[in-house]
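Q: Could you take a close look at the empty spaces in this protein for me? I'd like to know what surrounds them.

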Amino acid sequence: MTTPTYEIRARHTATTVTVYQAYAPAIGLPAARDGRFPATWKRDRMTWIKPSFLWMMYRCGWGTKNDQETVLAVEITREGFEWALEHACLSHYASGIHPDHATWKRQLRETPARVQWDPERDLWLKPLPHRSLQLGLTGEAAHRYADAWTVSITDVTDLAHTVHAHVRAGELDAARALLPEERPYPVPDGFLRHLRPELPAFPAPTPGPAPVPAPSA
């Protein structure tokens with residue numbers, strides 16, 4: 001079955017959803033130890049959360065990139081996740097979503113969350129035809145994420161390294177068996193209309209009547 005181009009896929013329970021981030025050990029290790037982000041985590045900066053484990057691996061190079069050596073699985077409330085989606089704006093202009101550039105830029109300034117749809121990745125971190133949600137949080141959303149929505153924080157760096165080792169060895173079945181189970185995330189019909197470019201938020205204009213041909217001379 002073909003995976004929809006724009007679909008949220010995540011590890012989730014009835015009350016929580018898991019997202020991934022990668023940090024330098026100075027932030028990532030105390031966050032995992034204490035189950036909350038430390039005071040050094042900047043709540044006034046944009047932070048991006050990713051429900052896709054493999055997209056996080058692409059972004060952090062399996063936990064080898066500088067200042068991304070500690071990979072975290074952050075379990076947050078579904079209520080918070082959906083609040084962020086409801087209050088988000090696409091990070092790029094889409095003619096079917098925004099009536100004009102000025103409206104999009106105003107929404108970008110005013111909303112506390114951003115959404116990008118980037119190509120999902122396979123075990124080799126090559127792009128797939130369907131997209132993966134990236135959710136950027138700033139202002140109120142970043143504060144809520146760190147101080148209200150977070151349920152647990154787990155260091156999954158060893159998992160990232162183990163999956164990568166299996167991939168490098170050509171043991172793809174073993175690597176795939178270790179991946180977190182990411183299922184389609186259920187949202188009400190129309191809930192993502194303002195975030196999915198193929199679902200126009202504004203009805204197409206109704207075509208007017210066909211012009212009446214001029215009478216022949």
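A: Here's a walk through the pockets and the cavity, with a stop at a nearby topic, the sheet and its helix. Keep in mind that this is a predicted model.

Let's start with the idea behind the search. Rolling a probe the size of a water molecule over the atoms shows where empty space is left.

The largest pocket has a volume of about 600 Å³. It has 21 lining residues, and Ala22, Tyr23, Met46, Thr47 and Trp48 are the ones closest to its centre. If you want to find the walls by element, look for strand E2, strand E3 (47–49), helix H2 (53–60) and strand E6 (113–121), which each give two or more residues to the lining. Sorted by class, that lining comes out as nine nonpolar, six polar and six charged residues.

Next comes the second largest pocket, with about 240 Å³ of space. Its lining is made of 13 residues, and nearest the centre you'll find Arg9, Leu54, Glu120, Arg121 and Glu182. H2 and E6 turn up here too, each giving two or more residues, along with strand E7 (127–137). The class split for this pocket is six nonpolar, two polar and five charged.

Now for the closed space. The structure holds one cavity of 30 Å³ or more, and the volume of the largest cavity is about 30 Å³. Around it sit Glu7, Ile8, Arg9, Pro51, Ser52, Glu120, Ser132 and Leu133. That makes three nonpolar, two polar and three charged residues. Spot Arg9 and Glu120 in that lining: both are also among the residues nearest the centre of the second largest pocket.

Back to E2, which helps line the largest pocket. This strand belongs to an open, antiparallel sheet of three strands, ordered E2-E4-E8. E2 and E8 are at the edges with a single partner strand each, so one side of each has no neighbour in the sheet. From one strand to the next, the twist averages 25 degrees. E4 and E8 are joined by five bridges in the antiparallel sense, and Ile76 has Thr150 in E8 as its bridge partner.

Finally, helix H1 (residues 25–34) has Gly28, Pro30 and Ala31 buried. The buried residues of H1 pack against strands E2 (16–23), E4 (70–77) and E8 (150–155). Just after the helix, Gly35 takes a positive phi of about 75 degrees. So E2 is one to remember: it is packed against by buried residues of H1, and it gives two or more residues to the lining of the largest pocket.

Key
Residues are numbered from 1 along each chain as its sequence is written. This is a predicted model: local features need pLDDT of at least 70, side-chain atom pairs count only at pLDDT 80 or more; totals for chains, interfaces and linings use all residues. Side-chain values use heavy atoms; hydrogens and water are left out. On a 1 Å grid over the protein atoms alone, a cavity is a set of points where a 1.4 Å probe fits but cannot get out, and a pocket is an open set with protein on both sides within 12 Å along at least five of seven lines; lining residues have an atom within 4 Å of a point. Grid points are joined across faces, edges and corners, and a volume is the space filled by probe spheres set on the points. Ala, Val, Leu, Ile, Met, Phe, Trp, Tyr, Cys and Pro count as nonpolar, Asp, Glu, Lys and Arg as charged, and the others, Gly among them, as polar. Buried means under 20% relative accessible area, exposed over 50%, partly exposed in between (1.4 Å probe, protein chains only). Helices (H or I, at least four residues) and strands (E, at least two) are DSSP runs, numbered from the N terminus. Contact means heavy atoms within 4.5 Å. Two strands pair if DSSP finds at least two bridges between them. Axes are lines fitted to C-alpha atoms, for helices over the stretch in contact, and angles run from 0 to 180 degrees between N-to-C directions.
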